[in-house]
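Visitor: Pick a single part of this model and give me a close look at it. After that, walk me outward so I can place it in the rest of the chain.

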Amino acid sequence: MLASLVASKEAIFGFILGGAISILNFRWLRFFLQRILNQPKTKAGRWVKVSYFLRYLSIFFVLLWSLKQGLVTPIPLIVGLSIIIFAVSLVALWQVINNIW
């Protein structure tokens, strides 16, 4: 609610869409890694290539479509896409601080 007072709906949607894509990509990566590690080595190489390609192709088309439609603005979208990096960095920093002191 507060965000709607200071940002446009396109900016808010861009941040939300970027965060959602980032989180889904992270979870999708985990899913594919589990499937790859449970396969025979002969199939795993092919599966890695196909899943990597499909994952990024899907993300590309969602981003392209949302930008072309004017549903989002680029900067909040990029910030939203970076949310996982920020969260992982904070968790790592938290763990380092707790283990040192």
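Guide: Helices here are DSSP runs of H or I with at least four residues, strands are E runs of at least two, and both are numbered from the N terminus. What you're looking at is a predicted model, where local features need pLDDT of at least 70 and side-chain atom pairs count only at pLDDT 80 or more, while totals for chains, interfaces and linings use all residues. Residues are numbered from 1 along each chain as its sequence is written, and side-chain values use heavy atoms, leaving out hydrogens and water.

Let's zoom in on helix α4, which covers residues 74-81. Its buried residues (under 20% relative accessible area; exposed is over 50%, partly exposed in between, with a 1.4 Å probe and protein chains only) are P76, L77 and G80. Those three cover an arc of only 105° around the axis (judged by the directions from the helix axis to the C-beta atoms), so they sit on the same side of α4.

Now for the surface. I78 belongs to helix α4 too, and together with F15, I16, I75 and V79 it makes up a nonpolar patch with about 480 Å² of accessible area in total. To join such a patch, a residue needs over 30% relative accessible area and no salt bridge; nonpolar side chains (Val, Leu, Ile, Met, Phe, Trp, Tyr) are joined within 5 Å, like charges within 9 Å. A salt bridge is a Lys or Arg side-chain nitrogen within 4 Å of an Asp or Glu carboxyl oxygen. Two elements, α2 (9-37) and α4, give two or more residues each to this patch. The largest share comes from α4, with 3 residues.

One more thing about P76. Its C-alpha is 9.9 Å from that of A7, although 69 residues separate the two in sequence. A7 sits in the loop between α1 (2-6) and α2, and with 31% relative accessibility A7 is partly exposed.

Stepping over to α2, you'll find N25 in that helix. N25 is a buried residue, at 18% relative accessible area. Apart from neighbours within four places in sequence, N25 is in contact (heavy atoms within 4.5 Å) with R55, Y56 and I59.

Further along comes helix α5, residues 83-100, where L93 is located. L93 is partly exposed at 48% relative accessible area. Its C-alpha lies 30 Å from that of I36, with their positions 57 residues apart along the chain. N98 is in α5 as well. At 42% relative accessibility, N98 also counts as partly exposed. Compare its position with R46: the two are 52 residues apart along the chain, and their C-alpha atoms are separated by 41 Å.

Pull back and the whole thing is helical in its elements: the protein chain has 5 helices and 0 strands, so to speak α-α-α-α-α when read from the N terminus. Its C-alpha trace spans about 55 × 50 × 15 Å along the principal axes. Out of 101 residues, 21% count as buried. If you take contacts between residues at least 6 apart in sequence, 73% of them link residues at least 24 apart. The accessible surface of the chain is about 8,100 Å² (Shrake-Rupley method, 1.4 Å probe; for residues, only the protein chains shown count as cover), and carbon and sulfur atoms account for 74% of that surface.

Back at α4, then, keep two things in view: P76, L77 and G80 are buried, while I75, I78 and V79 are among the residues of the nonpolar surface patch.
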